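Visitor: I have a protein model open and would like to learn how to read it. Could you walk me through a few features?

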Amino acid sequence: MTELELAVAIPVYNEADGIAEFLGELDAVLERAVSSHGVVVVDDSSTDDSVDVLERMGPGLAGGLHVVGSSSNAGHGPTTARAYRAALDLDPARVAQVDGDGQFEAEDLVVLLDADARVATGRRLQRADSRHRRALSALLRVVLWVVFGVRRRDANCPFRVYDADVLADLLGELPADPLVPHVLLTVLEERSGVRAAEVPVRHRVRRG
C-alpha cells in the first residue's frame, strides 16, 4: 500500500524568475489539502538559473522536491511525459500535473483533487494567452469533436489529477517522447471510459 497520497509532476524550462513563488504557494496548499505529497520537477536543460533556484528552495518544502535534469532540450511535450513517469516512480496514490510557469492558481488544485472522478482536468477560464494560442485551442476542440468524438472543452490543459493506476495505463499507450501528451491522453481517456471530470480553473499571465 502506497504511503504517498499525491505526487506533482512539473516540467520546467527557464522559469528562474517565477518558479520559487509558485512552488512555495503549491507546497503550502498541499500541506493543508493532503496527508502527504512530493514534487517532481523535470528541467528541460534550462539556460537560466532554474535548477539553482530549485535546489536552494527544495529543503524548505514540506513535501520534498525531486529535481531531474536533462542533457539536452527536448521540448515541452517530452519533458511533461518524463515528469509524469518520474512522479509515478514515487509510488503515489494520485498524480497531479501543472506547468512550471505559474499560470495557474495553486488553490485550484484542491478543486481538481475534490472532483468525483478518476481523472480531473482543468478548463481555463478567461485564458491569459495570446490570441494565436486561443485560436489554436478552439481549432483543436473542433477537430477532436469531429474526428474522435471528444467533447472536452480544454483538451490540452496542463493542469490535471490522475489516479496513479489510470495514469500508468494511459502512459503505456503513449510514444516515449510525445509532442502533445495531453491531447493524446484526453483522447485515450475518452476511449477508455474512465470516469473523468473537466473543472473550471483560473488562468493568469506567466509569472516572472
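Visitor: Let me start with Y162: is this residue buried or exposed?

Guide: Happy to help! Keep in mind that this is a predicted model. Buried here means under 20% relative accessible area. Y162 has a relative accessible area of 0%, so Y162 is buried.

Visitor: How many aromatic pairs are there?

Guide: The count comes to two aromatic pairs. In one of them, the ring centres of Y84 and Y162 are 5.9 Å apart and the planes meet at 85°, so this pair is edge-to-face. Y84 belongs to helix α3 and Y162 to strand β6, so the pair ties together parts that lie 78 residues apart in sequence. Y84 is buried too, with a relative accessible area of 0%.

Visitor: Which residues of helix α6 are buried?

Guide: In α6, which covers residues 164-171, the buried ones are A164, V166, L167, L170 and L171. Looking down the axis of α6, you find these residues within an arc of 160°, so they line one face of the helix. They pack against α3, β4, β5, β6 and α7.

Visitor: And where is D44 found?

Guide: D44 sits in the loop between β2 and α2. D44 is buried but has no salt bridge: R82, the nearest side chain of opposite charge, is 6.2 Å away. A salt bridge would need the charged atoms within 4 Å.

Visitor: What lies 2.9 Å from a polar atom of the D44 side chain?

Guide: That is the backbone nitrogen of G75. D44 also touches other residues, including V12, Y13, S70 and T79.

Methods
Residues numbered from 1 in each chain as written. Predicted model: local features only at pLDDT ≥ 70, side-chain atom pairs only at ≥ 80, totals over all residues. Heavy atoms only, no water. Buried < 20%, exposed > 50% of the residue type's maximum accessible area, 1.4 Å probe, protein only. Helix = DSSP H or I, 4+ residues; strand = E, 2+ residues; numbered from the N terminus. Arc of directions from axis to C-beta. Contact = heavy atoms within 4.5 Å. Lys, Arg positive; Asp, Glu negative; His and termini not counted. Polar contact = N/O pair within 3.5 Å; in protein donor to acceptor, adjacent residues only side chain to side chain. Phe/Tyr/Trp six-rings, centres within 6.5 Å; stacked < 30°, edge-to-face > 60°. Lists of a residue's contacts leave out its neighbours within four places in sequence.
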